[in-house]
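Reader: I am new to this structure and would be grateful for a close look at one part of it. Please take a single residue as the starting point and then connect it to its surroundings.

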Amino acid sequence: MDGLVVRNTGSWYEVRTEDGRLVPCKVKGNFRLKGIRSTSPVAVGDQVRIQLNQEDTAFICEVLPRRNYIIRRASNLSKQSHILAANIDTALLVVTLAHPETSTIFVDRFIASAEAYRIPCVLLFNKVDLLDADQRRRVGELAQLYESIGYPSLIGSVTQGLGLDLLTGMLHDKVTLIAGNSGVGKSALLNWLVPTAHAQTAPISESRDTGTHTTTFSQLYDLPGGGAVIDVPGVKGFGTFDFEPEEISSYFREIFETGRQCRFSNCLHLEEPGCAVRQAVEEGRIARSRYEAYLSMLGDKDEDRYRPAY
C-alpha cells in the first residue's frame with residue numbers, strides 16, 4: 001500500500017494512504033542499513049510503501065523515488081545529513097532583521113541548497129512592525145537585492161496581517177516548505193495560512209533576543225484553497241552537505257554568471273588572477289554578503305571547521 005508521509009515526530013511517522021486513512025508507521029528495521037547517511041531517511045512529503053500489521057499500524061518498507069528534497073548537514077554530526085522535506089514545489093524562508101536577527105549567511109546558504117535541488121525559493125521578511133526607520137531601510141535593501149537576483153521577496157508582519165496579500169497566490173496548489181530560524185514567526189504564519197492548525201507560538205527570549213522551539217516535529221497541512229505547507233522545527237544553522245567546491249558557485253546565480261568572465265574556467269574566486277567575481281565584489285556589482293556566504297560554503301569541505309550555527 002502506498003501513501004504520503006504527513007507527519008514525522010522523530011520516532012513515529014503518520015502516513016496518509018490513497019483512500020484517506022492516517023496510519024501510524026515505524027521505519028522497518030533494516031531500512032537504515034541501505035547506506036543512507038541521514039538522521040531522517042524518511043521525510044514529510046515522501047511517497048512511501050507501507051506494510052500494515054494487525055495493530056492498525058504499519059512499517060515503512062520503501063521510499064518511492066523523490067522529485068527533490070532539501071537537505072542540510074546534521075548539527076554536531078558532520079558526516080550525516082538531515083532531510084527537511086521532500087517533493088516540494090517552493091521553499092518559503094521566513095527572515096527577520098531583528099527579534100531575532102537572521103544572518104545573511106544563513107539566508108544565502110539556504111537559498112544555495114534550494115538551488116542545488118532545483119527548488120524555487122521565496123523570502124518573507126517578517127516583523128517589519130518591530131523595526132525602526134534604519135532597520136526598515138535595511139530590509140528594503142535586502143529585499144531589493146534578492147529580487148534583483150531572482151528570488152521573490154515580501155516585506156510584512158504576520159501578526160499585523162501586513163504585506164501578505166500576494167502570498168496566498170504564490171502558494172496556491174503547491175507544496176511549500178516553511179523554514180527559518182526559531183522565533184521568526186513560522187508558527188504564526190502557519191496559523192494565518194491554515195487557521196485550523198492551532199500551532200503553538202511563544203515570545204522570544206528578551207535576554208538573548210532569540211526564539212524558542214515551539215514546533216518539535218515536521219507536519220504537512222493542507223491549505224484551504226488548494227496545495228499544502230510543510231512546517232518544520234526552527235533551524236539554527238544550515239551546514240551544507242556533499243557539495244564539491246567546483247560546483248558551489250553555480251548555486252549563486254550572479255556569481256555563476258559573472259564567473260563566466262574569469263580568466264580560468266575552474267576559478268574558485270579566491271586568489272586566482274583575472275577573477276571577474278572578486279572584481280565585481282570590489283566594484284559593488286556583487287553583494288559582499290553573498291560573496292562571504294559563498295566563501296563560508298567553500299569552507300564546509302573541511303569538516304573539522306564545521307560549526308553548527310551560522
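**A close look at methionine 170 and beyond**

Author: Methionine 170 is found in helix α3, which covers residues 167-171. The model is a predicted one, and the description that follows should be read accordingly. With a relative accessible area of 23%, methionine 170 is partly exposed, because a residue counts as buried only under 20% and as exposed only over 50%. Once neighbours within four places in sequence are left aside, the contacts of methionine 170 are Val122, Pro152 and Leu154. Its position can also be described relative to leucine 92: the two residues are 78 residues apart in sequence, while their C-alpha atoms lie 9.9 Å apart in space.

The setting of this helix is a protein of 310 residues, 50% of which count as buried. Its secondary structure consists of eight helices and 13 strands. Among contacts with a separation of 6 or more, 64% are accounted for by residues 24 or more positions apart. The protein exposes about 15,000 Å², and carbon and sulfur atoms supply 48% of that area.

Two other helices may be considered next. The axes of helix α1 (residues 104-116) and helix α8 (residues 288-298) come within 9 Å of each other and cross at roughly 65°. That angle makes α1 roughly perpendicular to α8. On the α1 side, the contact is made by Thr104, Ile105, Asp108, Arg109, Ile111 and Ala112; on the α8 side, by Ser289, Arg290, Ala293, Ser296 and Met297. The crossing of the two helices is right-handed.

One of the participants from helix α8 is serine 296. Serine 296 counts as buried, since its relative accessibility is 17%. Beyond its neighbours within four places in sequence, serine 296 is in contact with Ile105 and Arg109, and both of these residues belong to the α1 side of the helix contact.

The loop between α7 (276-282) and α8 holds isoleucine 286. At 2% relative accessibility, isoleucine 286 counts as buried. Not counting residues up to four places away in sequence, isoleucine 286 touches Glu254, Ile255, Thr258, Val277, Ala280 and Val281. One of these, isoleucine 255, is 31 residues away along the chain, with a C-alpha separation of 7.4 Å from isoleucine 286.

Attention now passes to the strands. Alanine 228 lies in strand β13, formed by residues 228-231, and its relative accessibility of 5% places alanine 228 among the buried residues. Apart from neighbours within four places in sequence, alanine 228 is in contact with Lys174, Val175, Thr176, Leu220, Tyr221, Asp222 and Leu223. The C-alpha atoms of alanine 228 and lysine 174 are separated by 6.3 Å, although the two residues are 54 residues apart along the chain.

Aspartate 2 belongs to strand β1, residues 2-8. At 18% relative accessibility, aspartate 2 counts as buried, because the cut-off for that class is under 20%. The side chain of aspartate 2 makes a polar contact with the side chain of arginine 49, at 2.7 Å. If residues up to four places away in sequence are not counted, aspartate 2 touches Thr17, Glu18, Val48, Arg49 and Leu64.

To return to the starting point, methionine 170 is partly exposed, whereas serine 296, isoleucine 286, alanine 228 and aspartate 2 count as buried.

How values were computed. Residues are numbered from 1 along each chain as its sequence is written. This is a predicted model: local features need pLDDT of at least 70, side-chain atom pairs count only at pLDDT 80 or more; totals for chains, interfaces and linings use all residues. Side-chain values use heavy atoms; hydrogens and water are left out. Helices (H or I, at least four residues) and strands (E, at least two) are DSSP runs, numbered from the N terminus. Buried means under 20% relative accessible area, exposed over 50%, partly exposed in between (1.4 Å probe, protein chains only). Contact means heavy atoms within 4.5 Å. Accessible areas come from the Shrake-Rupley method with a 1.4 Å probe; for residues, only the protein chains shown count as cover. A polar contact is a pair of N or O atoms within 3.5 Å; within protein, one must be able to donate a hydrogen and the other to accept it, and residues adjacent in sequence count only if both atoms are side-chain atoms. Axes are lines fitted to C-alpha atoms, for helices over the stretch in contact, and angles run from 0 to 180 degrees between N-to-C directions. Angles under 35 degrees count as roughly parallel, over 145 as roughly antiparallel, 65 to 115 as roughly perpendicular and the rest as oblique. A crossing is left-handed if the near helix is turned anticlockwise from the far one by less than a right angle, and right-handed if clockwise.
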